[in-house]
Amino acid sequence: MHHRVLREPILKRNADIVYRSLIKPLLFSMDAERAHSFGEMAMRVPLVWSATSVMAHTSDPILRTEVAGIRLPNPLGMAAGFDKECRVIRPLLSMGFGFATAGTVTLGPRPGNPPPRIIRQPDRYAILNALGFPGPGLDVAEDRLARMRKAHDRMFISIAGTIEDEVIEVHRRLQQHGAAIELNISSPNTSGLRVFHEPGRLRGLIESLARQKTVPLFVKLQPWARNDGARREALRLAETAVSAGADGLVVANTHPIEHEGLSIVHRGGLSGAPLTDHTARMVAETKAAIGADGDVIACGGVFNAEDVWQMLSLGASAVQLYTAFIYEGPGLPGRINRRLIKLMRKAGITNIRDIQGKGPAPEL
Ligand SMILES: Cc1cc2nc3c(=O)[nH]c(=O)nc-3n(C[C@H](O)[C@H](O)[C@H](O)COP(=O)(O)O)c2cc1C
C-alpha cells in the first residue's frame with residue numbers, strides 16, 4: 001500500500017510536466033484542427049490513455065452523484081463537440097471524467113464550414129469556433145457508439161437537426177447506445193436549429209421525443225444576456241422543454257460572436273474563460289425557473305474545482321467543460337476532482353448534492 005502512495009504523486013507530477021513542457025507546446029504550435037486530430041489519434045492508442053488514467057484516480061465515493069437518475073462517479077463531464085467523431089469516449093472516461101458527451105450527431109454526414117474554423121485565444125483562455133457540425137452522420141456514428149458498450153452508462157449523446165422527423169429518427173436510433181440524449185438546439189453556427197427556439201415548435205418536438213424516450217433527455221440552450229428579452233425567451237424555452245417531457249437542461253452553448261478570421265461566415269461561437277460568470281448567472285436563473293422539475297448541467301467556462309463548486313452551489317447537478325481541457329490537458333479532470341474532494345472535506349460535506357446552496361467554496 002505505502003508503495004502506491006509513494007509512487008502515484010511522482011507519476012502524476014511527471015505526466016503533468018511531460019504534458020506542459022512537451023505535448024502542449026507541440027499541439028499549440030499546430031493549427032487548431034490539426035492539433036485536435038493529433039490529440040484524438042493519440043487518445044485512441046490504448047497505451048496512451050491508460051498512461052493518462054494514472055493521473056485520474058477519481059474513484060473516491062464522496063464524488064458520486066446522480067443526474068436525472070443516472071448514477072455517475074463524479075459530476076464532471078466532457079461537453080459536446082470534442083468527440084464529434086464518436087471515437088474517444090472511453091479514453092475520456094478513463095482520464096477521470098464522470099461522463100462524456102459524444103457528437104453532436106446529425107442524420108446525414110456533414111462537411112461543416114470551410115476552414116479556418118477554430119481560433120485559439122490563449123491570452124484569455126478562450127476558443128472561437130465556426131465548425132458548423134462536421135460529422136460522420138447517423139449510420140457511422142451509430143456503428144461506432146454501438147461498439148462502445150462498456151461506456152454506455154456514462155455516455156451522453158448530443159443530437160441535432162433542423163426538421164422534426166430527422167431529430168426523431170436520430171434520437172430513436174441512438175438512445176439505446178447511451179445513458180442520456182442531449183438535444184442541441186443552440187449551436188450558433190447552424191442557423192436552421194433556431195426553428196426550435198419557437199416555444200410551440202420546441203414543445204411539439206420534445207413531446208414526440210418524450211413518447212419514445214427510454215433514457216433521460218436534456219435540451220442544450222443558447223446563452224442569454226442579463227435583463228433583456230433574450231433572457232425571457234430562453235427561460236420560457238427552458239420551462240417549455242421541461243414541461244413537455246425533458247429531464248433537464250444544459251446551460252449553455254457557445255456565445256455567438258463575429259470575427260473576420262472565422263471561415264467564410266465570419267461568425268461563430270465563443271467558449272472558455274470569458275463565459276464563467278455568465279454560466280453561473282444562467283444556472284441560477286434556470287434553476288429558479290424550473291425548480292425541482294428538471295436537472296441543470298452547467299456548461300461554459302468551467303476551469304477548476306472552485307468553478308465546479310460555484311455551479312453546483314447555484315443549483316447545477318453536474319458540469320461539462322471543453323475549452324479548459326484544451327488549455328490544461330488530460331490531467332485536468334483528475335486535478336479538479338482531487339481538489340473538489342478537499343473543498344468538500346474542508347466544508348464538512350460528504351455528498352455532492354449538499355454543495356447546493358452552500359455559497360462560495362471554502363478557502364484551502
Ligand atoms: C471547437 C468546438 C466545437 C464544439 N462543438 C459543439 C457541438 O458539436 N455541439 C454542441 O452542443 N456544442 C459544441 N461546442 C460547445 C461546447 O460543448 C460548450 O458548450 C462550450 O464550448 C462552452 O463550454 P467551455 O467554455 O467549457 O468550452 C463546441 C465547442 C468548441 C470549442
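The residues of the shell around the ligand split into eleven nonpolar, eleven polar and two charged. Here Ala, Val, Leu, Ile, Met, Phe, Trp, Tyr, Cys and Pro count as nonpolar, Asp, Glu, Lys and Arg as charged, and the others, Gly among them, as polar.

A word on the model: it is predicted, so local features need pLDDT of at least 70 and side-chain atom pairs pLDDT 80 or more, while totals for chains, interfaces and linings use all residues. Residues are numbered from 1 along each chain as its sequence is written, and side-chain values use heavy atoms, leaving out hydrogens and water.

**Around the ligand**

Of the 24 residues around the ligand, Ala80, Thr104, Ser271, Gly301 and Thr323 come nearest; a residue counts as near if one of its heavy atoms lies within 4 Å. Strands β3 (76–83), β6 (126–129) and β12 (267–272) each supply at least two shell residues, and β3 gives the largest share, with three. Strands (E, at least two residues) and helices (H or I, at least four) are DSSP runs, numbered from the N terminus.

The table shows polar contacts of the ligand, meaning pairs of N or O atoms within 3.5 Å.

| Ligand atom | Protein partner | Distance |
|---|---|---|
| nitrogen | threonine 104, side-chain N or O | 2.7 Å |
| oxygen | asparagine 184, side-chain N or O | 3.1 Å |
| oxygen | glycine 272, polar backbone atom | 2.8 Å |

The protein covers 98% of the 610 Å² of accessible area that the ligand has on its own (Shrake-Rupley method, 1.4 Å probe).

**Salt bridges**

Side chains of opposite charge can pair when their charged atoms come close. Counting a side-chain nitrogen of Lys or Arg within 4 Å of a carboxyl oxygen of Asp or Glu, there are 17 salt bridges.

In one of them, arginine 173 meets aspartate 139, with the closest N and O atoms 2.6 Å apart. Arginine 173 sits in helix α6 (residues 164–174) and aspartate 139 in helix α5 (residues 138–146), so this pair ties together parts 34 residues apart in sequence. Arginine 173 is buried, at 18% relative accessible area, whereas aspartate 139 is exposed, at 54%; buried means under 20%, exposed over 50%, and partly exposed in between (1.4 Å probe, protein chains only).

Glutamate 169 and arginine 172 form another salt bridge, at 3.1 Å from N to O. These two are three residues apart in helix α6, about one helical turn. Asp139, Glu142, Glu169, Arg172 and Arg173 are linked in a network of salt bridges.

Terms used. A polar contact is a pair of N or O atoms within 3.5 Å; within protein, one must be able to donate a hydrogen and the other to accept it, and residues adjacent in sequence count only if both atoms are side-chain atoms.
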